[in-house]
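Q: Hey, got a minute to go through a model with me? I'd like to start with how far to trust it.

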Amino acid sequence: MTQAGAGSDPAGSAPPLEIHDLTVAYRNKPVLWGVDLAAPAGRLIGIVGPNGAGKSTLIKACMGLLPCASGWVKAFGRPVPESLGRIGYVPQRESVDWDFPVSVMDVVLMGRYGRIGLFRRPSAEDRRIARDCLDQVQMLPFADRQISNLSGGQQQRVFLARALAQESDLYFMDEPFAGVDAATEASIIAILQGLRDRGKTLLVVHHDLPTARDYFDWLLLLNLRVVAFGPTAEVFTPELLQKTYGGRLTLLSEVAEAVQAKAR
Amino acid sequence: MTGPATPQAPCRPHDRRRPRVCRSVSGWLVAALWLASAGVLHAAKIGDLTEVRWTEQAARFLSMADPAVRHACLGTVLLGVSCGLLGGFLVVRRMALLGDALSHAVLPGVALGFLWNLEKDPLAIFVGALVAGLAGSAVVSWITRTTRLKEDTALGMVLATFFGAGLCLLSMFQRLPTGNKSGIESFLFGQAAALGPGDLQLMGAVTALVVGMLALGYKEFLLVSFDPGFARVLALPTRRLERVLLLLLAFAVVAALQAVGVVLVSAMLIIPAATASLLTDRFHRMLLWSAAIGAVSGLSGAFLSFLGTRLPTGPFMVLSAGVLFGLALLLSPRHGIGPRWIRQRSQRHRVARENTLKAIYQVLESGGFSSEVVPVEALASRRRVDRQAALREVGSLVRAQLATLSDDAVALTPSGWQGACAIVRNHRLWELYLTHAAQIAPDHVHDDAEKIEHVLGEATVRELERRLPRADVDPHGRPIPSVPAADPAMGRRGASATAGDRPVGYGGRS
């Protein structure tokens with residue numbers, strides 16, 4: 001790792017991700033309540049929960065893309081803004097305009113921008129790394145394509161390659177399997193497991209419950225608050241899933257609306 | 001500065017009676033011709049018809065002897081470059097309306113800057129316009145943040161309100177003793193000929209700043225425009241980058257005002273960039289094209305407005321940009337309508353030739369291949385067309401050296417024979433594949449094969465051969481021909497004509 005000093009911390013003393021009492025609100029309406037968790041290093045962690053459970057909100061808040069109403073998030077023992085250099089991100093595919101006039105290679109090179117530094121040009125080494133990452137996701141033949149000429153699965157792999165090019169220790173991925181065919185899904189999960197085996201920590205928002213059990217070492221069951229967080233074998237139980245998916249949390253959402261109304 | 005420095009002698013009486021519309025129409029005709037032929041020589045012919053003394057004016061312009069002409073040229077090129085570059089960002093970010101709002105919002109600032117010392121002081125007007133423009137965009141973002149209104153609504157409101165306020169101020173100043181002579185109305189529609197050295201210094205500084213900043217921070221501005229969330233995770237100063245971009249945009253708009261006018265400056269942001277986006281798929285090339293198109297539009301706008309008396313520059317610049325956009329729409333190699341039409345036409349012709357070849361093959365086959373020639377009559381009845389149409393089809397084959405015609409009978413050349421075998425093979429292989437692998441009834445597969453036969457590439461044919469256990473008889477019991485080897489250049493005319501496995505026919509765009 002480039003930040004060798006922080007990286008050599010024993011996992012116990014500085015977990016890759018530590019969240020304490022995190023509450024996030026959209027327009028004063030809380031959408032995520034009092035999240036506490038400490039993610040262990042070298043795990044592939046799935047974030048599952050029903051629609052509107054706050055899965056994307058959680059990872060965006062962790063990276064500082066959304067303001068926190070309360071609580072704090074630390075990565076590798078330091079506040080997130082100080083450790084952004086060790087955080088990689090795969091946003092939702094719909095978050096960008098795929099008609100934008102850039103090539104696949106341009107997009108993957110963007111993953112290097114944090115390392116290249118402000119106002120400098122990508123070096124030959126950066127290009128080599130970007131090509132390498134494209135090769136890992138089997139998209140190298142498409143390097144010079146304009147991104148609008150890609151299928152959904154190919155777009156997703158380009159985003160994954162860009163995150164790989166970041167060479168991070170902690171990854172947040174927002175539905176990397178959305179709109180992807182089965183073969184691509186298998187190759188993506190293999191890449192994620194490869195990252196995990198190299199000691200990286202990955203938090204992956206996932207929609208499909210049946211595959212979640214096979215894919216992830218740990219699961220975070222989320223529905224406006226943390227229902228359960230732990231090794232898949234322990235938390236993938238009918239009771240906890242029922243708690244996560246079964247029924248609306250009527251009281252919690254009612255209170256949220258009341259909070260919003262009061263703030264108007 | 002003294003009034004608008006149009007380097008034109010006072011109009012003669014008969015000139016003054018000419019309706020302005022008429023002159024601008026003739027000017028527009030000239031515009032079209034000048035842009036099409038890029039020469040004044042052709043335009044001289046129209047001059048004889050319309051009796052405008054613009055030939056002299058054109059000569060004066062092209063000689064560049066007049067300092068006002070040199071100023072106008074330099075100024076419009078500078079503004080074309082800076083507006084073109086920043087317009088590129090507006091277009092890819094789908095923020096075209098922001099340019100419009102910003103440019104209209106500057107008008108009250110122009111008026112107040114003029115009020116500063118009641119004359120056209122470039123710096124005072126620049127500062128006033130800049131403040132008004134930034135205030136406008138601040139109001140837009142404030143409305144968007146604090147109300148339920150969306151950005152387009154806020155932009156529309158701010159645009160109109162600020163512009164209205166500016167018009168009120170201007171009409172008040174026009175009644176002032178100095179107001180009328182000051183040429184402040186040129187800020188509405190632009191007057192490149194009125195550019196002074198002070199204006200040019202300002203435009204030069206702004207353009208240098210825009211080019212310098214974008215060259216320095218190209219990678220950052222690109223990422224912030226494409227994926228701002230990712231940019232923030234990379235710890236880029238996204239907020240500051242956005243502000244710099246907005247500030248540069250305001251600079252460019254305000255510096256361009258004098259030459260192109262408040263009303264149309266947004267067009268100089270959008271049209272060159274839109275044109276550029278038709279020409280390339282890469283952002284840096286798009287920016288360069290956009291700057292070049294902006295500069296050319298600016299120059300030709302200056303030229304065309306110079307041809308008449310006190311014609312505003314802005315409309316002519318925008319019209320030139322519009323014409324360039326039209327040309328790009330028609331002629332752009334990748335996205336142009338013309339090249340696409342040509343591609344589709346050549347594909348249609350190829351399909352037609354292949355159908356004729358197939359019919360010839362079928363006639364030969366029905367005769368048990370005992371003869372090597374096919375009478376035109378037999379071909380016509382096989383193709384279900386009349387004799388004339390059949391002769392036209394044969395003529396197309398003859399031109400492509402796929403067949404020869406003698407004594408009213410068609411014979412295939414070796415490459416024609418190869419093409420015929422290939423197309424029939426494609427057709428029958430596909431029928432076989434549909435009945436075997438996809439289990440479709442034999443009487444359902446013919447129509448589908450009629451389409452597919454023209455688009456099957458070589459690699460797909462190989463794949464079909466590999467998957468079909470016995471590829472020698474089609475579902476209707478007819479033998480599937482193999483394609484005789486021939487020199488590959490000839491084979492290119494036949495059915496397996498596609499390079500690699502890229503299907504070309506069938507509306508596919510290569």
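Q: What does chain B average for pLDDT?
A: This is a predicted model, and chain B averages a pLDDT of 82, with 83% of the residues scoring at least 70.

Q: OK, and where is confidence lowest and where is it highest in chain B?
A: The lowest is helix α3 (residues 40–50) of chain B, with a mean of 40. At the other end, helix α12 (residues 218–226) of chain B has the highest, at 96.

Q: Which residues at the start stay under 50?
A: Residues 1–23 of chain B do, and the model gives that stretch 24 contacts beyond four places in sequence. Residues 487–510 of chain B also have a pLDDT below 50, with 58 contacts in the model beyond near neighbours in sequence.

Q: And the scores for the model, what are ipTM and pTM?
A: ipTM is 0.90 and pTM is 0.79.

Q: Switching to the fold: how many helices and strands does chain B have?
A: Chain B has 24 helices and three strands.

Q: How much of chain B is buried?
A: Buried residues are 45% of its 510 residues. As for contacts in chain B with a separation of 6 or more, 72% are between residues 24 or more positions apart.

Q: Now α15(B). Is that one mostly covered or exposed?
A: Mostly covered: 13 of the 15 residues in α15(B) are buried.

Q: What should helix α15 of chain B span?
A: Helix α15 (residues 265–279) of chain B has 15 residues, so at 1.5 Å a residue it should span 21 Å. Its end C-alpha atoms are 22 Å apart, which agrees.

Note on methods
Residues numbered from 1 in each chain as written. Chains lettered and ligands numbered in written order. Predicted model: local features only at pLDDT ≥ 70, side-chain atom pairs only at ≥ 80, totals over all residues. Helix = DSSP H or I, 4+ residues; strand = E, 2+ residues; numbered from the N terminus. Buried ≥ 20, exposed ≤ 12 C-beta atoms within 10 Å, placed from the backbone. Contact = placed C-beta atoms within 7 Å. pLDDT = per-residue confidence, 0-100. Expected span 1.5 Å × (residues − 1).
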